[in-house]
Amino acid sequence: MGDRSLLVELGDEISPEVNRRVREFYVILLENPIEGLLEIVPAYRSLLIIYDPLKLDLVMIKNRMDDLQKKIGEIQIPEPKTLEIPVVYGGEYGPDMEWVSQYHNISVDEVIQLHTGTTYQVYMIGFMPGFPYLGELPEGLATPRRETPRTVIPQGSVAIAQRQTGIYPVESPGGWQILGRTPLKLFNPLHSPPTLLEMGDLVRFFSIGEKEFKQWQQ
Amino acid sequence: MAAVETIEVLTPGPLTSLQDLGRFGYGRYGVPHSGALDTFSLRAANLLVGNKENEACLEITMFGLRIKALRDVAIAVTGGDLLPFYNDKPLSMWVSFILKEGDTLSFRGMKSGFRSYLAIGGGFFLAEVMGSRSTNLSSGFGGFDGRPVKKGDIFTAHSLHPHLETEGRWFPQDLIPRYRREWRLRVIFGPQDDQFTEEGRNTVLNSPYQVSHQSDRTGIRLAGPSVERRPNVHESIISEGVIPGAIQVPGDGQPIIILVEIVTGGYRKIATVITADLPLLGQIKPGDMVNFEEVSLDDAYETLREIEERIKRFKESLSSQS
């Protein structure tokens, strides 16, 4: 992309296998530092490599990436963590819950059962610091984005769009359908790592009441 | 050594924030680079007052910032001409100037460009967050309390005195960029240019686009002829990393030039602005017209090397200036 980055594509679909290759390649890049490499942005099926164009050019970086890709499959990557995330579903915490249940013609309880009944993988962190893209939602809960995005979505909102679910780490605008809210803090710029979830982690949601939400916040 | 108070904010203007050359290496956590949009002007301002190139500066958007010097400080104002005045006299830009204790500095309007950079000799004494002093405005960290500056903020610095000796340093006239209302930005096609029609690619290159008022540090939104995708190509893609300068085309066909507050995106990118032209993006304002011109990778590198060579010559000249 342009004169200072290269998009390394390791597949063309959202799948645990392709994403595992991305995570492996990320570790390979950390283990083989390249002078002049400024940033790596790993995503579902690709890594964006940003380099200093005064130190490296596209041909150099491309050759290096082709070489390093041969190591995929030969290395060990850290075992993912599994996290359980508490969520208050519906009501003022999940303003799109009613709409989503009507869209699928199922009850609110069934929406909650579907959402809490699946183990999700963190495919990437993006859009904003600490926002996890979690997949995949059960087919029965696949929902289009809101036609009109909201200008304010509260911190901790748990939302869905198509076959993905995610959590807004801080208050922001956004177009996903909000099902509930977690009291957990997903991003702290002063912590290392700064995010609660990392790429590759596994996540399950569980339902809590408003009272527990408030206790958790304290 | 204790930090001493340097300046106080009297009025902040619509958006003034602390920025340096950006925050790198945290892309896997979704952390964008932030940083000055016009890095050329930020580097020049720092060099003029004897700072490191990467020191934080105030990035002033549009107009309205007023500050008071709490002691004698060396300053330099670069970038867009927002009509800077010290007390009631016009201030020369692109030179090192001593603001005396009690003097005020104000930015009174938009003559050219969109953002000014104010460097203080000795910099801003602030903690780094993830390796940078840049303010991340959307998530609220870095810079000064993770927010735009506001009335009553007081900044501090170490060792002001050596910087006072830079008084009178000037930036070569022929190196100062000119900011017009009509921009020609050089681009390289890709990475998804093949998913647009030939006509779509020609549209981008041959049409003037107007900058929308919805633009901010996340992106410059453009309005003009719609850029056509190939048939059967869906409007969004599986999200992936993006860089500042990438030109993404959402469903409505109206291009957006990505800036520094986002690190991933889910739309196709038809082309990317070359590194040498990136600083200009910080000076483009709503209502301006933008044209794109395709260049080769070799031309892009050549242009960048020329600019860096000139900055290097300026740095070398500094020892003889003062």
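**Sheet, interface and core in a predicted two-chain model**

In chain B, six strands build an open, antiparallel sheet with the strand order 7-6-9-4-1-11. The model is a predicted one. Strand 7 (89-90) and strand 11 (154-157) of chain B form the edges of this sheet, and each of them pairs on one side only. Inside the strand order, strand 6 (residues 84-86) of chain B runs antiparallel to strand 9 (residues 104-107) of chain B. Three bridges join these two strands. One residue pair can be named here: B:Tyr86 has B:Leu105, in strand 9 of chain B, as its bridge partner.

Edge strand 11 of chain B also bounds a loop. This loop lies between strand 10 (112-120) and strand 11 of chain B, and B:Lys150 is found in it. B:Lys150 counts as exposed because it has 12 C-beta neighbours inside 10 Å, and the cut-off for exposure is 12 or fewer. Even so, B:Lys150 has partners remote in sequence. Leaving aside residues up to four places away in sequence, B:Lys150 touches B:Val9 and B:Pro12. B:Pro14 lies 136 residues from B:Lys150 in sequence. In space, the C-alpha atoms of B:Lys150 and B:Pro14 are 9.8 Å apart.

The nonpolar interior was examined next. Nonpolar side chains tend to be buried together in soluble globular proteins. The largest nonpolar core of the model has 140 residues. Residues from both chains appear among those with the most contacts inside this core: A:Leu179 from chain A, and B:Ala45, B:Cys57, B:Ile75, B:Leu118, B:Ala119 and B:Leu281 from chain B. Helix 1 (residues 39-48) of chain B supplies the largest share of the core, with six residues. The surroundings of B:Leu118 illustrate the packing. Not counting residues up to four places away in sequence, B:Leu118 touches B:Ala45, B:Cys57, B:Leu58, B:Ile60, B:Ile75 and B:Val77. Of these partners, B:Ala45, B:Cys57 and B:Ile75 are listed with B:Leu118 among the core residues with the most contacts.

The two chains meet in a contact that takes 35 residues from chain B and 41 residues from chain A. On the side of chain B, strand 15 (236-241), strand 18 (264-273) and helix 5 (297-321) are the elements that give two or more residues. Helix 5 of chain B gives the most, with five residues. By class, the side of chain B that touches chain A holds 18 nonpolar, 13 polar and four charged residues.

Chain A comprises five helices and 12 strands. Its C-alpha atoms fill a box of roughly 55 × 35 × 35 Å along the principal axes. Chain A has 218 residues, of which 42% count as buried. Contacts in chain A reach far along the sequence. Among those between residues at least 6 apart, 63% join residues at least 24 apart.

Chain A is divided into domain 1 (5-69) and domain 2 (82-217). Taken over C-alpha atoms, the domain centres are separated by 29 Å. Seven residues of domain 1 and eight residues of domain 2 take part in the contact between them. On the domain 1 side, helix 1 (residues 16-31) of chain A gives the most, with three residues. This side of domain 1 has five nonpolar residues, one polar residue and one charged residue.

Methods
Residues are numbered from 1 along each chain as its sequence is written. Chains are lettered from A and ligands numbered from 1 in the order in which they are written. This is a predicted model: local features need pLDDT of at least 70, side-chain atom pairs count only at pLDDT 80 or more; totals for chains, interfaces and linings use all residues. Domain bounds come from an automatic or database domain assignment. Helices (H or I, at least four residues) and strands (E, at least two) are DSSP runs, numbered from the N terminus. Ala, Val, Leu, Ile, Met, Phe, Trp, Tyr, Cys and Pro count as nonpolar, Asp, Glu, Lys and Arg as charged, and the others, Gly among them, as polar. Two strands pair if DSSP finds at least two bridges between them. A residue is buried if 20 or more other C-beta atoms lie within 10 Å of its own, exposed if 12 or fewer, and partly exposed in between; C-beta atoms are placed from the backbone. A nonpolar core is a set of buried Ala, Val, Leu, Ile, Met, Phe, Trp, Tyr and Cys residues joined through C-beta atoms within 7 Å.
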